[in-house]
Amino acid sequence: MAKVLVVDDAAFMRVRAAKVLRDAGHEVLEAENGQEAVNKYAESRPDVVLMDITMPQLDGIEATRQIRSQNDAIKVLVLTMHDNEDVFFRSISAGASGYVLKRSGGLELMSAIRSTHEGNSYLSPLLAKALMSDYLQRGERTQDGPAQGRRLSAREQEILKLIAEGNSSREIAEMLDLSVKTVHNHRTRLMTKLDIHRNTDLVKYAIRLGMVQVD
């Protein structure tokens with residue numbers, strides 16, 4: 001079982017999530033804003049942080065970034081009402097390992113906690129559907145654009161997939177038995193070859209190609 005830090009400024013949401021987790025045998029800590037979450041993480045070192053986005057003092061995206069700066073292996077699972085692309089990619093860019101919508105049920109929350117605790121990424125099916133609908137409405141297709149014709153090597157595809165799943169360069173280096181510098185070099189070549197200049201756009205590209213596993 002995991003030690004989970006539940007972060008939400010809405011007391012009823014925090015209590016509801018905490019009850020679901022405690023009933024399943026997890027140890028639960030609570031924080032009511034992003035700054036308190038950063039402080040409690042430093043004190044208690046939970047296994048998973050369940051993070052709201054819109055909060056006073058420090059929002060969930062910046063809190064995620066600060067917690068990841070303390071430990072880039074920590075798993076942060078975003079639990080939010082926002083189902084739009086911008087918030088999703090900003091969260092992933094900050095280091096979140098998964099994304100669950102508040103309207104999801106308790107079973108999905110438990111599945112997301114388990115997945116992130118085991119080191120996997122998690123994307124709510126509700127959000128995946130919204131993202132897919134958005135791409136289709138805008139007419140985006142994987143064959144569009146000059147970058148699509150530039151083939152990636154097997155190693156580049158492997159690293160792109162790991163980046164899109166939310167892994168840091170250090171984590172990727174450990175997984176593939178490479179130096180961090182080598183991973184950085186691969187990332188730079190990926191961006192050059194694809195004419196992509198932001199991590200969030202790398203994630204979008206990988207999702208379009210179906211390289212990211214959606215649970």
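Start with the whole protein chain selected: of its 215 residues, 48% count as buried (under 20% relative accessible area with a 1.4 Å probe, protein chains only). This is a predicted model, in which local features need pLDDT of at least 70 and side-chain atom pairs count only at pLDDT 80 or more, while totals for chains, interfaces and linings use all residues. Residues are numbered from 1 along each chain as its sequence is written, and side-chain values use heavy atoms, leaving out hydrogens and water.

Switch to a cartoon view, and you have ten helices and six strands to explore (DSSP runs: H or I of at least four residues for helices, E of at least two for strands, numbered from the N terminus).

Next, select helix 1 (residues 11-23) and helix 5 (residues 106-117), whose axes lie 10 Å apart at an angle of about 70° (lines fitted to C-alpha atoms over the stretch in contact, with angles from 0 to 180 degrees between N-to-C directions). The two helices are therefore roughly perpendicular (65 to 115 degrees). Now show side chains: Ala17, Val20 and Leu21 of helix 1 meet Gly106, Leu109, Met110 and Ile113 of helix 5, contact being heavy atoms within 4.5 Å.

Move on to helix 8 (residues 169-176), and colour its buried residues: Ser169, Glu171, Ile172, Ala173 and Leu176. To see what covers them, add helix 3 (60-70), strand 4 (75-80), helix 7 (154-164) and helix 9 (180-194), which are among the covering elements. Finally, click on Asp177, just after helix 8, where phi is positive at about 55°.

Conventions:
Parallel < 35°, antiparallel > 145°, perpendicular 65-115°, else oblique. Buried < 20%, exposed > 50% of the residue type's maximum accessible area, 1.4 Å probe, protein only.
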